[in-house]
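User: Hey, can you walk me through this one? I'm new to reading structures.
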Amino acid sequence: MNKTTETKRKNIPDAEAVSVTPAVAPEPAPEVTVAPKKKILFVASEAAPFIATGGLAEVIGSLSKAVAKDERFDVRVILPLYQDIRKEYRKDFRFIGNIFVPLSWRNQYCGIFEYEANNVKFYFVDNEYYFKRPGCYGYYDDGERFAFFCRSVMEILGFIGFYPDVLHCHDWQAALAALYLKTIYCFRPEYQFIRAVFTIHNIEYQGKYSLDILEDLFGISYRYQNLVEFDRCINLMKGAIECCERFSTVSPTYASEIKDPYYAHGLDQIVRRNEFKLCGILNGIDPDYYDPSTDKALFANYSAEYPANKAVCKEELQKMLGLPVKPDTPVIAMISRLVSHKGLDLVKEVIEQVLRQDVQFVLLGTGDSTYENYFTDLARRYQGKAVSIISFNSDLSRKIYSGADLFLMPSKSEPCGLSQMIASRYGTVAVVRETGGLRDSITPYGAGGNGFTFSNYDAYDMLYVINEALGVYRMKDEWQQLVKKAMETDFTWSTSAKSYEELYLSMLR
Ligand code: GLC
C-alpha cells in the first residue's frame, strides 16, 4: 500500500460507527482483467552462474533474466544437477520432491530441486547415476544421460504444476524434450497446447547416434524414425528442427549461413527445407556481470566516461605476465577455445609478421594439443613479446579483457561469439572476421564502426586489418574515440530479449 492510500484509508470513518446512505448508488468499478503471464520454460544443459563450459551457459543465465524483467512472462529454467554445480549456490537449493521417470524399459529416480533468482525459477534434475561425475559432457553414455534429462523435464511439469506455453530447447542436449513433446506427450490434454522452439547455439554438435537405439534407449517408437533420421543415423538436432514450431540461431547472419553447406555441417538441406520457421536473434551479454566500472577482478575500475584506469589495468597485466611495461606498445589479446574454427590457422600463418613490430601478444585458452603446443612454443621463441597461458580462468580473462588494446577473433565460423562483445565493453577494440555474430556485432572502423573486420578467410586479409588497427592505435585521439565507441556499443539484451518475446507471442497467436 502506498502512502497516499494509507492516509486516505485513515481518513475514512469506520463504516460501523457512521452509517451514511449515499444519495446516488456508486458506479460499479470497471472490471480489470489482467492477462495471465505467458509461461516460458528453458531447457538447457548448462546455465550461468551455476555451471558453465561456454557461451551457452551465459546466454541461458542472462536471457532468462532479461525476459523475466517483462511482467508478461513467467520464466523458468531446467537443468541437470551436475556434481560440479557451484557450491555457493547449491547449498541454497530446495528439495521439492522426487518422481520416477520412464525411459524405454528403464524407470529412474528423479529428484527435483528449486532455486529462485532475479524472478527466474530454476529447477535441477537430480540423479547421481547420470550426473554425479566431473564436468558436463564427454561420457560414453551422454545420449542416455540427456535422454533421461529431457524425459524428466516432461514428467516434472505435472509435479510442479507448470505446463509452459512455450518450451524453449537449447542445443542437441535439449532436443529430445521437443521430440518427446511431439511424439509422446502432446496427446495428453495438459500438454496439447505447448509450443516448442529450438535454438541452435552451434550447428556443429548435433547429437548423432546409431538408429538401433531409438526405441531401446531413447524410448521413441520406430514409427517416428523419419523424424529423427539423417544420414542413416539418429540426429537429434535434425529431429528438433523438424518437429518444433519455430527454430532459431544466435545471430541473423548465422541464420542465413547455416543454409549453406560451408557452415551447416551436413544439415543445410534440413535447414533450407524448414527455412519458413527459422529466425536469427543476436545474443547479448549481461551488463551487470561484465561491467568494467564494478568488476572486482580488474586491477582498477573504469568506464567510457572515465577511461583513465584502463592504463593501470594494462600496466598491471604486463607486470603480471612478465612483459616489459610499455604503455605505448599495443597489446593484442586472444581468449579462445583452441580449436580450428576459431581461425587459429590464420593466426599461425602471420603472427610472426605481427610480432616483428612493436606489439605484445597474449593468448589464453585450452583446446587441441597441436594449437596448445604451437602457442606454447611461440611464447618460448618470442619471450618478452608473446605470452601463452594454456588454461581457462575467468578471473585472468577479465584482467586480459581490460588490460589489452586489441582483441583478435578471426573465426572461420562463429554462431554468435560473446568475447568480442565483452572485449568491446572493456574498451579493447575487436578485430574480427565477418561471419555469424561477429559480423552482426562488430562494424568496420572505416565505415564509422566500433572495430576492425575482414571478410575472406585469408591470413593476409587479416594481417592487413591488424596493421590498419595498429596504425589507428598510433593516432592517440582517434584511438581514444574508437575505444569510447566500442565501450558504448549496446551489447545488452534490451533489443534481443524483445525479439525473443515477440517470437514467443507470435507462436501463441
Ligand atoms: C556457442 C557458439 C557461440 C555462441 C554461444 C552462445 O558456444 O559457438 O558463438 O556465442 O554458443 O550462443
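Analyst: Sure, one term to start: buried area is the accessible area (1.4 Å probe) that two parts lose on being put together, summed over both. This is a predicted model, where local features need pLDDT of at least 70, side-chain atom pairs count only at pLDDT 80 or more, and totals for chains, interfaces and linings use all residues. Residues are numbered from 1 along each chain as its sequence is written, and side-chain values use heavy atoms, leaving out hydrogens and water.

User: Cool. How is the chain divided?
Analyst: Into domain 1 (38-284 + 497-508) and domain 2 (310-491), with bounds from an automatic or database domain assignment.

User: And how much do domain 1 and domain 2 bury between them?
Analyst: About 1300 Å², with 56% of it on carbon and sulfur atoms.

User: How many salt bridges are there between domain 1 and domain 2?
Analyst: Zero. That would take a side-chain nitrogen of Lys or Arg within 4 Å of a carboxyl oxygen of Asp or Glu.

User: OK, new topic. Which residues are around the ligand?
Analyst: Among them are His201, Asn202, Asn283, Glu414 and Gly417, where being near takes a heavy atom within 4 Å.

User: What lies 2.8 Å from an oxygen atom of the ligand?
Analyst: A polar side-chain atom of Asn283 does, and a polar backbone atom of Gly417 is also 2.8 Å from a ligand oxygen.

User: Where does Asn202 come in?
Analyst: One of the polar side-chain atoms of Asn202 sits 3.5 Å from an oxygen atom of the ligand.

Conventions:
Polar contact = N/O pair within 3.5 Å; in protein donor to acceptor, adjacent residues only side chain to side chain.
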